[in-house]
Amino acid sequence: MIIVLFLLFVAITLGITVWVGRNNRSATDFYAGGRSFSGFQNGLAISGDYMSAASFLGITGSIALFGYDGFLYSVGFLVAWLVALLLVAEPLRNSGRFTMADILAFRMRQRPVRTAAGISTIVVSIVYLLAQMVGAGSLVALLLGVSGDDAKKGIILGVGALMIFYVTMGGMKGTTWVQIIKAGLLMAGALLLTVLVMNRFGWNLSALLGSAAESSGKGDAFLEPGLKYGISSLTRLDFISLGLALVLGTAGLPHILVRFYTVPTARAARTSVNWAIAVIGIFYLMTIALGFGAAALIGPEAIKASNPAGTTAALMLAEELGGGPASTTGALLLAVISAVAFATILAVVAGLTLASSASFAHDLYAHVIRKGRAGEKQEVRVARWSAVAIGAVAVALSMLADKLNTAALVALAFAIAASANVPTIVFSLFWKRFTTMGALAGIYGGLASSLLLVIFSPVVSGKPTSVFPSADFHLFPLENPGLISIPLGFLLGWLGTVLSRPEERGAEKHAELEIRSLTGIGAN
């Protein structure tokens with residue numbers, strides 16, 4: 001049943017991708033879907049892009065294991081959209097064309113800032129891709145009942161092949177429709193589970209929470225702050241670091257930023273974010289029922305026995321609500337929710353691959369290597385081939401990193417985006433004095449500091465859950481680098497600017513950018 005539903009989803013989305021891909025005739029079609037999507041459609045697509053497997057499976061598991069502290073992930077992911085709405089949605093749509101680098105290049109030296117922005121985009125996208133593809137390998141292997149590294153690697157290879165096909169054949173149009181379908185499936189699946197959980201407890205939220213607290217073995221502490229992040233001053237700092245990364249990282253994620261270019265106007269971009277906030281907010285409210293329902297009906301110990309990180313909590317909950325492992329309805333509901341989780345992974349990896357291939361072709365190839373002399377057809381051809389290359393790199397790294405913690409990889413991607421991309425976007429839009437040297441210092445400094453801090457953190461060594469559990473070379477005590485690397489990215493952007501000469505026509509260019517970003521006059 002699970003395999004049939006997987007194949008059905010893949011067949012439908014492949015057919016849609018081929019159908020809409022026939023109309024990709026220009027760079028605008030391939031990169032931005034011809035700017036033909038409405039605010040509502042793009043809002044659903046953004047939701048589909050943002051609500052990854054880490055959101056659906058990871059947050060449900062975190063709540064089931066840690067109660068209140070697990071729900072803080074939902075709060076962080078949702079609040080992040082207010083930052084995106086207030087700071088970047090409209091200005092980005094008005095100021096850029098296809099990528100984040102378009103904003104920086106408008107008032108600074110093109111080649112160095114496009115190079116830096118392109119490298120940052122590809123690094124963030126590949127780290128995020130690793131999280132999704134490693135998660136796909138583990139999830140599908142578990143659902144199909146297969147074991148062994150070879151089976152997981154085969155699944156990762158299959159997911160990689162599908163995402164490359166979605167991007168190369170469908171471009172932004174195909175990817176967007178896959179994400180819209182996935183958002184609908186995910187919301188329907190989460191709503192079904194929520195209704196079943198609440199019905200099980202007589203639509204009494206207090207009864208649900210009380211039963212979850214009792215089953216957790218922690219009592220009222222399960223419903224109070226501190227079970228995971230209140231253990232010591234170090235865990236509290238780690239929570240602050242994680243919160244900074246989650247709240248600021250969304251505004252710098254490349255696959256989210258490119259979505260603002262798929263609508264015709266800045267007003268539609270704002271409408272997109274409003275719809276995305278509504279859909280994502282409803283989804284994260286439902287994670288309360290899913291997470292605490294899993295804790296109440298299954299219990300944290302049983303969930304840990306299946307998966308120490310709690311990733312299988314939503315799937316075990318679906319099976320239990322359907323009547324248990326031995327029932328036909330339990331197997332059917334498990335199959336449906338598993339197919340939704342698989343759809344979630346496929347949609348997100350397609351968006352990430354498109355964002356990174358667009359940045360390589362548009363920023364690095366067309367404007368750095370060819371110095372603006374590449375034609376549109378040639379640029380799109382390079383984007384397709386770069387999607388193949390980036391997909392191949394992601395597949396290869398995922399096969400090597402199949403035992404990495406996916407939650408740590410997602411948090412790292414957010415931290416890198418918040419450290420390298422957000423400072424330069426904010427400074428470029430709102431600081432008249434900002435220079436090329438400041439942009440380079442901010443991007444490279446934020447990128448390098450976040451990567452180095454993670455390499456020497458407990459995520460990589462020094463703990464049983466580390467990448468190298470038998471080694472210990474960690475020097476940085478926090479698992480997330482955001483507390484250090486994000487302020488450092490802003491500091492280096494400021495320092496690089498004040499220590500360099502003002503840009504030629506810098507004030508004039510900033511005034512033009514400001515008018516364009518606020519009014520849309522001259523926008524592409």
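In this predicted model, the second largest cavity is lined by Tyr31, Phe98, Met172, Val258, Leu354, Ala355 and Ala358, and about 30 Å³ of space lies within that cavity. When the lining of the second largest cavity is sorted by class, seven residues are nonpolar, while none is polar and none is charged. Helix α15 supplies the largest share of this lining, namely three residues.

A search of the whole structure finds two cavities of 30 Å³ or more, and the largest cavity has a volume of about 50 Å³. The lining of the largest cavity is made up of Thr99, Met100, Thr121, Pro254, Leu257, Val258, Ala355 and Ser359, and the elements that contribute two or more residues to the lining are α11 (254-257) and α15. By class, the lining of the largest cavity consists of five nonpolar residues and three polar residues, with no charged residue. Val258 and Ala355, listed here for the largest cavity, are also listed in the lining of the second largest cavity.

Helix α15 (residues 328-369) also gives the largest share, 22 residues, of the largest nonpolar core. This core holds 161 residues, of which Tyr50, Phe56, Trp81, Phe260 and Phe414 touch the most other members. For Phe414, when neighbours within four places in sequence are left aside, the contacts are Tyr50, Phe77, Tyr128, Ala245, Leu246, Gly249, Thr250 and Leu253; Tyr50, one of these partners, is itself named among the residues that touch the most other core members.

A further residue of helix α15 is Ser357, which counts as buried because its relative accessibility is 0%, under the cut-off of 20%. Apart from neighbours within four places in sequence, Ser357 is in contact with Val167, Ala383, Ser386, Ala387 and Ile390. One of these partners, Ala387, lies 30 residues away from Ser357 along the chain, yet the C-alpha atoms of Ser357 and Ala387 are separated by 5.0 Å.

Charged side chains are also found in buried positions, as the salt bridges of the model show. In general, side chains of opposite charge can pair when their charged atoms come close. The structure holds two salt bridges, and in one of them the side chains of Arg114 and Asp102 meet at 3.0 Å, N to O. This pair links distant parts of the chain, with Arg114 in helix α7 (residues 110-144) and Asp102 in helix α6 (residues 101-107), twelve residues apart. In the other, Asp363 is joined to Arg114, with the closest N and O atoms 2.6 Å apart. Here Asp363 in helix α15 and Arg114 in helix α7 are 249 residues apart, so that this pair, too, links distant parts of the chain. Asp102, Arg114 and Asp363 are thus linked in a network of salt bridges. Arg114 counts as buried because its relative accessibility is 5%, and Asp102 is buried as well, with a relative accessible area of 8%, while Asp363 is likewise buried.

Helix α14 (residues 313-321) is largely enclosed by the rest of the structure, because seven of its nine residues are buried. The buried residues of α14 are Ala313, Ala314, Leu315, Leu317, Ala318, Glu319 and Leu321. Just after α14, Gly323 takes a positive phi of about 125°.

Key. Residues numbered from 1 in each chain as written. Predicted model: local features only at pLDDT ≥ 70, side-chain atom pairs only at ≥ 80, totals over all residues. Heavy atoms only, no water. Core = buried A, V, L, I, M, F, W, Y, C linked by side-chain atoms within 4.5 Å. Buried < 20%, exposed > 50% of the residue type's maximum accessible area, 1.4 Å probe, protein only. Helix = DSSP H or I, 4+ residues; strand = E, 2+ residues; numbered from the N terminus. Contact = heavy atoms within 4.5 Å. 1 Å grid on protein atoms, 1.4 Å probe; cavity = no way out; pocket = protein on both sides within 12 Å on 5 of 7 lines; lining within 4 Å. Points joined across faces, edges and corners; volume = space filled by probe spheres on them. Nonpolar A, V, L, I, M, F, W, Y, C, P; charged D, E, K, R; others polar. Salt bridge = Lys/Arg side-chain N within 4 Å of Asp/Glu carboxyl O.
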